[in-house]
Amino acid sequence: MTLATFTSVCGVISTVLAVYCGLPYLVSIVRGHTKPHQFSWIILTIMNVIVTISQFLEGGRSSILISFTFTIYSAIILGLSYRYGLRDTSKYDRWLLALSLVTIVVWVLTRNNDVAIWLTVLIDIFATTMIMLKVKADAGSEDPIPWLLAGIAYVFSILSLIGTPLGILYVRPIYGFL
């Protein structure tokens, strides 16, 4: 197997795992087991769009399939959050949303893909913190299996970059795995 074939296969595997982890999450939302946090999914949708575009502009191809998949899922989950999600917000949620939006504005002002990718890590930390606060308040509100599968999908996204010089394209997949 050539390196190009290996990296393409890893990109496809990461995407299949991303699709697989997303479907049970959507079903869990519709069944009322998972309650998506609206602020989190607003931010995650915007962030995933930025990640996908920035990584593509930096030369990512099969490694961004996972980001593209998560962009689609984030948008669907955001839509579902209006019917099935949590609208209750704390002062922490409002602060985290404001910090996320400020971070997005910084990216828009810099128009730098490297900055955008690094800022999305910060944005993701803010959005994930909102989800963690929600889980702290309602321990059964998230199914951990989709999150575990997403971590494994990111391993294959990292492998799809083998042969690419260590650089900015590795940031999101490594962060996603962690």
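Where does Val121 sit? Val121 has its place in helix H5, and we'll come back to that residue once the overall layout is clear. One thing to keep in mind from the start: this is a predicted model.

Let's begin with the fold as a whole. The protein is built from 7 helices, with 0 strands. Read from the N terminus, the order of elements is simply α-α-α-α-α-α-α. The radius of gyration comes out at 16 Å, close to the 16 Å that the globule rule gives for 178 residues, so the protein is as compact as a globular protein of that length. If you drew a box around the C-alpha atoms along the principal axes, that box would be roughly 50 × 35 × 25 Å.

How much of the chain is tucked away? Of the 178 residues, 46% count as buried. The surface that remains exposed adds up to about 9,100 Å², and carbon and sulfur atoms supply 73% of that area. As for charge, there are 11 positive and 8 negative charges, and their mean positions lie 6 Å apart.

Contacts across the sequence are worth a look too. Take the contacts between residues at least 6 apart in sequence: 78% of them join residues at least 24 apart. Several of the residues below give you concrete cases of partners that are distant along the chain.

Now for the inside. The largest nonpolar core holds 24 residues, and the members that touch the most other members are Trp41, Ile43, Leu44, Ile77 and Met130. Two or more residues of this core come from each of helix H1 (3–30), helix H2 (38–57), helix H3 (65–84), helix H4 (91–110) and helix H5 (113–137). There is also a second, separate core of 9 residues, including Cys21, Phe70, Ala153 and Tyr154.

Trp41 is a good residue to zoom in on. You'll find Trp41 in helix H2. Why does Trp41 count as buried? Its relative accessibility is 6%, and the cut-off for buried is under 20%. Setting aside residues up to four places away in sequence, Trp41 touches Tyr25, Pro36, Ser74, Ile77 and Leu78. Ile77, then, is a contact of Trp41 and is also listed with Trp41 among the residues of the largest core that touch the most other members. Trp41 and Ile131 are 90 residues apart in sequence, yet their C-alpha atoms are 9.3 Å apart in space.

Helix H2 also carries Thr52. Thr52 is buried too, with a relative accessible area of 11%. Beyond its sequence neighbours up to four places away, the residues Thr52 touches are Ile64, Ser67, Phe68 and Thr71.

Over in helix H1, two residues make a nice contrast. Thr7 lies in this helix and counts as buried at 10% relative accessibility. With neighbours within four places left aside, Thr7 is in contact with Ser62, Leu159, Ser160 and Ile162. Val16 lies in helix H1 as well, but Val16 is exposed, with a relative accessible area of 51%. The C-alpha atoms of Val16 and Ala153 are separated by 8.0 Å, although their positions lie 137 residues apart along the chain as a sequence separation. Ala153, you may recall, is one of the members of the second core.

Back to Val121 in helix H5. Is Val121 buried or exposed? Val121 is buried, with a relative accessible area of 12%. Not counting residues up to four places away in sequence, Val121 touches Val171, Arg172 and Tyr175. Val121 and Tyr175 are 54 residues apart in sequence and 7.2 Å apart in space, C-alpha to C-alpha.

Finally, follow the chain out of helix H5 to Ser141, which is in the loop between H5 and helix H6 (144–159). This loop residue counts as buried, with 1% relative accessibility. What does Ser141 touch? Apart from residues up to four places away in sequence, its contacts are His33, Thr34, Lys35, Lys134 and Val135. Gln55 is another story: Ser141 and Gln55 are 86 residues apart in sequence and 31 Å apart in space, C-alpha to C-alpha.

Note on methods. Residues numbered from 1 in each chain as written. Predicted model: local features only at pLDDT ≥ 70, side-chain atom pairs only at ≥ 80, totals over all residues. Heavy atoms only, no water. Helix = DSSP H or I, 4+ residues; strand = E, 2+ residues; numbered from the N terminus. Rg over C-alpha atoms; globule rule 2.2 N^0.38 Å. Buried < 20%, exposed > 50% of the residue type's maximum accessible area, 1.4 Å probe, protein only. Contact = heavy atoms within 4.5 Å. Areas by Shrake-Rupley, 256 points an atom, 1.4 Å probe, with all protein chains shown as cover. Lys, Arg positive; Asp, Glu negative; His and termini not counted. Charge placed at Lys NZ, Arg CZ, Asp CG, Glu CD. Core = buried A, V, L, I, M, F, W, Y, C linked by side-chain atoms within 4.5 Å.
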